[in-house]
Amino acid sequence: GSCCAFTRCSDGRCINTAADPMNCGTCDHACPGTCSGGACQCVTQSPSNLVADGGFNGDAALWAQQSWADLAGQSFSASRDSLDSAGCSGSGSLLCKYKGPSAGLVGSASGSCFPVATSSSYNMGAWIYFPSAGGNSASASVGVEWYTDSICTTPLTNSAGGADGVSRTLENRNTVSNTWQYVHMEDIVPPAGAKAGTFFVTVIAGAAGQEGQAYFDSLYFTPAPGRF
């Protein structure tokens, strides 16, 4: 049948892309907040979002930088940029750049520590943007690392010293460039023994010696059913 004034998406849904925040302007283009006239609107993050300044309205000073290996020929940086997932001039994003001596190596930035409860469930998400400049072939992920203390000094491990649900990650490969892509996971329950967590982002080298780039914005780790 006809969708009348709405847009028919590839799965058959009839969507009002002028106002639907999960399909804003086009099918499957999600906004951190509301949608009006087919464009994402500026939004202030929810008070229940545990990621400090997840919208990068301020600087990126809260984000510690590291590489996941100590190798010659690698570099990683994380800095605030003016590109914003909702196109807001007063906000921005976190631009991460990573180059490794071989493909698959990882650079990471971790935010501030926040408390978690193993009796609660949480929703996690982010918007990721891969610029095409320079043949960028990076992939990226976001996640949460769990800690056994309230100030995030002791990562959660099992009795054998291995990871015990240390993180929940969402990986997004650079299959679509120059557009914001929404990644999310719902109803995450922190593992037994977790008292706190840190939200982290990673950039994964797509090719040896090539700098991979990804922007991250509208990060959230929020008690369910909340979002950003």
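## A tour that starts on strand 9

Begin by selecting strand 9 and showing its side chains: Tyr 122, Met 124, Ala 126 and Ile 128 point one way, Asn 123, Gly 125, Trp 127 and Tyr 129 point the other way, and all are buried. The model you have open is a predicted one. As background to this first view, side chains in a regular strand alternate between the two faces of the sheet. Colour the strand by accessibility and you will find it mostly covered, with eight of its eight residues buried.

**Stop 1: the neighbours of strand 9**

Keep strand 9 on screen and add strand 12, residues 180-188. The two run antiparallel and are joined by seven bridges. For a landmark, click on Met 124, whose bridge partner in strand 12 is Met 185.

Now add strand 14, residues 212-223. Strand 14 also runs antiparallel to strand 9, and seven bridges join them. Which residue of strand 14 stands opposite Tyr 129? Select Tyr 215 and you have it.

**Stop 2: the two tyrosines**

Stay with Tyr 129 and Tyr 215, and turn the view until both rings are clear. Their ring centres are 5.6 Å apart and the planes meet at 85 degrees, so this pair is edge-to-face. Because Tyr 129 belongs to strand 9 (residues 122-129) and Tyr 215 to strand 14, the pair ties together parts that are 86 residues apart in sequence. Are these two residues buried or exposed? Tyr 129 has a relative accessible area of 15% and is buried; Tyr 215, at 11%, is buried too. With the cut-off for buried set at under 20%, both values qualify.

**Stop 3: more rings**

Next, show every Phe, Tyr and Trp side chain. How many aromatic pairs does a search of the whole structure find? The search finds eight. One of them is formed by Phe 56 and Trp 63, with ring centres 5.8 Å apart and planes at 45 degrees, so it is a tilted pair. Phe 56 is buried at a relative accessible area of 0%, and Trp 63 is buried at 6%.

Then go back to Tyr 122 in strand 9 and select Phe 114, Trp 146 and Phe 221 along with it. Ring pairs link these four residues into a cluster.

**Stop 4: a serine in a loop**

Move on to Ser 85, in the loop between strand 6 (75-81) and strand 7 (93-99). Despite the loop setting, Ser 85 counts as buried, with 6% relative accessibility. Draw a distance from its side chain to that of Ser 218, and you will see a polar contact of 2.9 Å.

To see what else surrounds Ser 85, leave out residues up to four places away in sequence: it touches Pro 32, Trp 127, Trp 180, Asp 217 and Ser 218. You have already met Trp 127, among the residues of strand 9.

**Last stop: the whole chain**

Finally, zoom out and switch to a cartoon. There are zero helices and 14 strands, so a reading along the sequence gives β-β-β-β-β-β-β-β-β-β-β-β-β-β. Of the 228 residues, 44% count as buried. Among contacts between residues at least 6 apart in sequence, 70% join residues at least 24 apart. To finish, turn on the surface: the chain exposes about 10200 Å², and carbon and sulfur atoms supply 51% of that area.

Methods: Residues are numbered from 1 along each chain as its sequence is written. This is a predicted model: local features need pLDDT of at least 70, side-chain atom pairs count only at pLDDT 80 or more; totals for chains, interfaces and linings use all residues. Side-chain values use heavy atoms; hydrogens and water are left out. Helices (H or I, at least four residues) and strands (E, at least two) are DSSP runs, numbered from the N terminus. Buried means under 20% relative accessible area, exposed over 50%, partly exposed in between (1.4 Å probe, protein chains only). Contact means heavy atoms within 4.5 Å. Accessible areas come from the Shrake-Rupley method with a 1.4 Å probe; for residues, only the protein chains shown count as cover. A polar contact is a pair of N or O atoms within 3.5 Å; within protein, one must be able to donate a hydrogen and the other to accept it, and residues adjacent in sequence count only if both atoms are side-chain atoms. Rings of Phe, Tyr and Trp (its six-membered ring) pair if their centres lie within 6.5 Å; planes under 30 degrees apart count as stacked, over 60 as edge-to-face and the rest as tilted. Two strands pair if DSSP finds at least two bridges between them.
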